[in-house]
Amino acid sequence: MWIESTVRPLRTMHERACWSQKWALRILRFLRCPVQMRGALPSRGLIAANHISYTDVLVLAALTPTIFVAKAEVRRWPLIGLLCERAGVLFLDRSSMRAAAAANRTIAEVLRGGQSVVVFPEGTTSGGETILPMYAALFQSALDSDEPIVPAWITYGDAAQRERIAYWGDMTLMPHLLQLMRLRSMDDVSVQFRTTGIPARHRTQAAEMCRVVWQQMMEKRVRPTTGDCDDAAPTAPLQSTSPALLSLSQ
């Protein structure tokens with residue numbers, strides 16, 4: 001990967017996104033991990049996804065050429081940091097409000113150029129059975145650039161498989177990676193996208209709306225009696241008692 005990207009420089013963000021997609025497809029093929037997609041694949045805008053594992057990046061990158069936002073610490077990880085730079089990853093220093101504002105301006109510029117960007121608003125990974133508190137700051141980039149905010153929900157099949165793929169808490173990378181490679185395959189991996197962007201007017205409202213959409217997607221996905229997860233309709237009116245969310249059902 002490194003040699004190829006050095007020999008053939010990547011000049012634009014779209015070229016970097018396409019490079020990421022090519023390698024994501026190869027790695028997922030090696031891991032025997034077909035990915036299903038539900039909803040409409042966004043051609044542009046800010047994709048707000050739940051975060052379960054580092055494999056989320058591969059799953060989303062395989063579906064569409066996109067640019068990711070990651071915490072600044074990733075840039076210092078051996079090899080991975082270099083590959084992230086080649087992939088056009090936008091790094092965010094979460095310890096500084098000034099840095100967050102600068103990151104938002106950069107993300108907005110990429111969005112205006114027609115390139116989709118993925119953020120993980122929870123800021124960290126979870127076991128995949130709950131939604132963590134949302135960080136609203138990065139939604140501002142989509143509002144400033146007048147680009148859609150598209151919620152996406154990633155799932156990794158049944159609870160047993162999800163438990164082996166989820167990378168969270170105090171887990172360490174190498175043991176988890178070896179465990180992942182021992183899986184014969186990863187079945188029923190899917191990403192559901194909301195068909196249209198959420199109609200938020202400010203970033204806090206965007207975070208609240210995204211949470212409601214995620215909750216709806218998660219409940220339809222895990223509901224055992226109806227088996228209608230494939231029929232999950234992101235465009236369906238959302239039910240909420242929160243005044244901030246009433247516009248979703250209007």
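**Exercise 1. Which residue caps the N-terminal end of H5?**

Before solving, a word on the model. This is a predicted model, in which local features need pLDDT of at least 70 and side-chain atom pairs count only at pLDDT 80 or more, while totals for chains, interfaces and linings use all residues. Residues are numbered from 1 along each chain as its sequence is written, and side-chain values use heavy atoms, with hydrogens and water left out.

*Solution.*
Step 1. Find the helix: H5 covers residues 97-112. Helices (H or I, at least four residues) and strands (E, at least two) are DSSP runs, numbered from the N terminus.

Step 2. Look at serine 96, whose side-chain oxygen lies 3.3 Å from the backbone nitrogen of arginine 98. A polar contact is a pair of N or O atoms within 3.5 Å; within protein, one must be able to donate a hydrogen and the other to accept it, and residues adjacent in sequence count only if both atoms are side-chain atoms.

Step 3. Serine 96 is therefore the cap of H5 at its N-terminal end.

**Exercise 2. Check the spans of H5 and H2 against what their residue counts predict.**

*Solution.*
Step 1. Take the rule: the expected span of a helix is 1.5 Å times one less than its number of residues.

Step 2. Apply it to H5, where 16 residues should span 22 Å; the end C-alpha atoms are 22 Å apart, so the two values agree.

Step 3. Turn to H2, whose 18 residues should span 26 Å; here the end C-alpha atoms are 26 Å apart, again in agreement.

**Exercise 3. Which residues of H5 are buried, and which exposed residues sit on the face turned away from them?**

*Solution.*
Step 1. Set the cut-offs: buried means under 20% relative accessible area, exposed over 50%, and partly exposed in between (1.4 Å probe, protein chains only).

Step 2. List the buried residues of H5: Ala100, Ala103, Asn104, Ile107, Ala108, Val110 and Leu111. They cover an arc of only 160 degrees around the axis, so they lie on the same side of H5. The arc is that of the directions from the helix axis to the C-beta atoms.

Step 3. Recall the helix geometry: an α-helix has 3.6 residues a turn, so residues three or four places apart point the same way.

Step 4. Look at the face of H5 turned away from its buried side, where you will meet the exposed residues Arg98, Arg105 and Glu109.

Step 5. See what covers the buried residues of H5: the cover includes helices H2 (13-30) and H6 (139-145), along with strands E2 (46-49), E3 (67-71), E4 (90-92) and E5 (117-119).

**Exercise 4. Describe the loop residue just after H5.**

*Solution.*
Step 1. Glycine 114 is in the loop between H5 and E5, and has a positive phi of about 90 degrees.

Step 2. Its relative accessibility is 27%, so glycine 114 counts as partly exposed.

Step 3. Leaving aside neighbours within four places in sequence, glycine 114 is in contact (heavy atoms within 4.5 Å) with Ser43 and Arg44.

Step 4. The C-alpha atoms of glycine 114 and histidine 14 are separated by 9.0 Å, although these residues are 100 residues apart along the chain.

**Exercise 5. Describe two non-glycine residues with a positive phi.**

*Solution.*
Step 1. Arginine 32 has a positive phi of about 55 degrees although it is not a glycine. It belongs to the loop between H2 and strand E1 (35-38), and its 56% relative accessibility makes it exposed.

Step 2. Aspartate 146 also has a positive phi of about 55 degrees without being a glycine. It is found in the loop between H6 and E6 and is exposed, with a relative accessible area of 69%.

**Exercise 6. How many residues does the largest nonpolar core have, and which element gives the most to it?**

*Solution.*
Step 1. A nonpolar core is a set of buried Ala, Val, Leu, Ile, Met, Phe, Trp, Tyr and Cys residues joined through side-chain atoms within 4.5 Å.

Step 2. The largest one has 38 residues, and Leu60, Phe68 and Tyr156 are among those with the most contacts inside it. H3 gives the most to this core, with 6 residues.

Step 3. A second, separate core of 32 residues includes Leu46, Ala100, Leu138 and Met217.
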